[in-house]
Amino acid sequence: MHCLGSSARGHQGAPPCRGVQCSWWGFHRAWKEEVSLWHPWHPGFYSASQNMMLPAGLRQRDQTKKDPTGPLDRDALMQHLEKQAMEAKEREDLVPFTGEKKGKPFVPKVPKKEVIKEEDVILEPELEEALANATDAEMCDIAAILGMYTLMSNKQYYDAICSGNISNTEGINSVVQPDKYKPVPDEPPNPTNAEETLAKVRSNDRDLEQVNLNNIQDIPIQTLKEICEAMKTNTQVKQLSLVATRSNDPVAHAVAEMLKENKSLQSLNIESNFITSAGMMEVIKAMKENSTLAELKVDNQRQRLGDSVEMEMAAMLEKCTSITRFGYHFTQQGPRARASIAITRNNEMRRKQKKT
């Protein structure tokens, strides 16, 4: 019976076994038992050597043959390594550095600027004579016709037109400078006292023909409603202005009720308020019962009034012939055209009434 070591394992040159284990197989078993964990042929070698979490001393076998002379002193070891590095001779260059510059220095190329040559303009003798004898005012007209708006400012132009000579030549040969900004002071606050005005409206004061409460934003809503309530029986006030008073739908309802009964008011302005489409619809419908109001302004509300309100405005202007001025910016073409035709008709009727 032959050993598997020579036939099955394919080891060429091995003699057949004589009933005992072959010497090769015995050597192989002894070598396998004595192999170290850190030998490259061991199955655990690669798993240990590739583990980056292990320190370097545990990823490879100890190759030091000398016995340790003492404990590790890191500072002394670093000083020794630095000393050796300083004492080591540097490698000589194959070509020693002499500092000599070779080749031509780099000079950046500067592109040449093309100079545009102005062509000589030859005019007809008549034009040459006309330009030579032209006054400054005529030169300004020519510059305006040619579109040379940067030649002079508007102030210089109109000064030359009025006087015939250019008195200010600062912008002719240099950059035109703008005119100095003149600050416009803000309008003073409205000095009207709402409580005193309410008392005069209630008493039907003869001297009170105009009630102006514009831009007074601290008037209570109840006070505005009381003023509209007092205007129902007032016969002296001709103009009522409530612009930017934070008026809302309750105030609009009071204005609508006032328009139904008042027969002396000629101008009403409720622009720049918080009136919605519902409140504005009440004001427009109340105008059908009023025949004395000639001017009504309702533009610039906080919310968009909508198409239905604009259609109602156009219908109201067609029926109310007394209104000759209506302040509102229509967003639809149809109501705008109808309102424009109605206003034109009302003004024409008013003009004919004055003639007769």
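Select Met139 to begin: Met139 is partly exposed, at a relative accessible area of 38%. Here buried means under 20% relative accessible area, exposed over 50%, and partly exposed in between, with a 1.4 Å probe and protein chains only. The model is predicted: local features need pLDDT of at least 70, side-chain atom pairs count only at pLDDT 80 or more, and totals for chains, interfaces and linings use all residues. Residues are numbered from 1 along each chain as its sequence is written, and side-chain values use heavy atoms, with hydrogens and water left out.

**The nonpolar patch**

Met139 sits in helix H6. Helices (H or I, at least four residues) and strands (E, at least two) are DSSP runs, numbered from the N terminus. Now add Val121, Leu123, Leu127, Leu131, Ile142 and Leu146 to the selection; with Met139 they form a nonpolar patch on the surface, with about 620 Å² of accessible area together. Such a patch takes residues with over 30% relative accessible area and no salt bridge, nonpolar side chains (Val, Leu, Ile, Met, Phe, Trp, Tyr) being joined within 5 Å. A salt bridge is a side-chain nitrogen of Lys or Arg within 4 Å of a carboxyl oxygen of Asp or Glu. Areas come from the Shrake-Rupley method with a 1.4 Å probe. Helix H5 (125-132) and helix H6 (136-146) each supply at least two patch residues, and H6 gives the largest share, with 3.

**Helix H4**

Go next to residues 74-87, helix H4. The end C-alpha atoms of H4 are 20 Å apart, in agreement with the 20 Å that its 14 residues should span at 1.5 Å a residue. The expected span is 1.5 Å times one less than the number of residues. H4 is hardly covered, with a buried count of 0 among its 14 residues.

**The sheet**

Show the strands. Five of them, in the order S1-S2-S3-S4-S5, make an open sheet with parallel pairing; two strands pair if DSSP finds at least two bridges between them. Strands S1 (210-212) and S5 (325-327) stand at the edges with a single partner strand each, so one side of each lacks a neighbour in the sheet. S1 pairs with S2 (residues 239-241) in the parallel sense over 3 bridges. Select Gln210 to find it opposite Gln239 in S2.

**Loops on either side of S1**

Asn204 is in the loop between helix H8 (194-202) and S1. Asn204 has a positive phi of about 55° although it is not a glycine, and is partly exposed at 26% relative accessible area. Finish at Asn215, in the loop between S1 and helix H9 (221-230). Asn215, also not a glycine, has a positive phi of about 65° and counts as exposed at 53% relative accessibility.

How values were computed: Patch = residues over 30% accessible without salt bridge, like charges linked within 9 Å, V, L, I, M, F, W, Y side chains within 5 Å.
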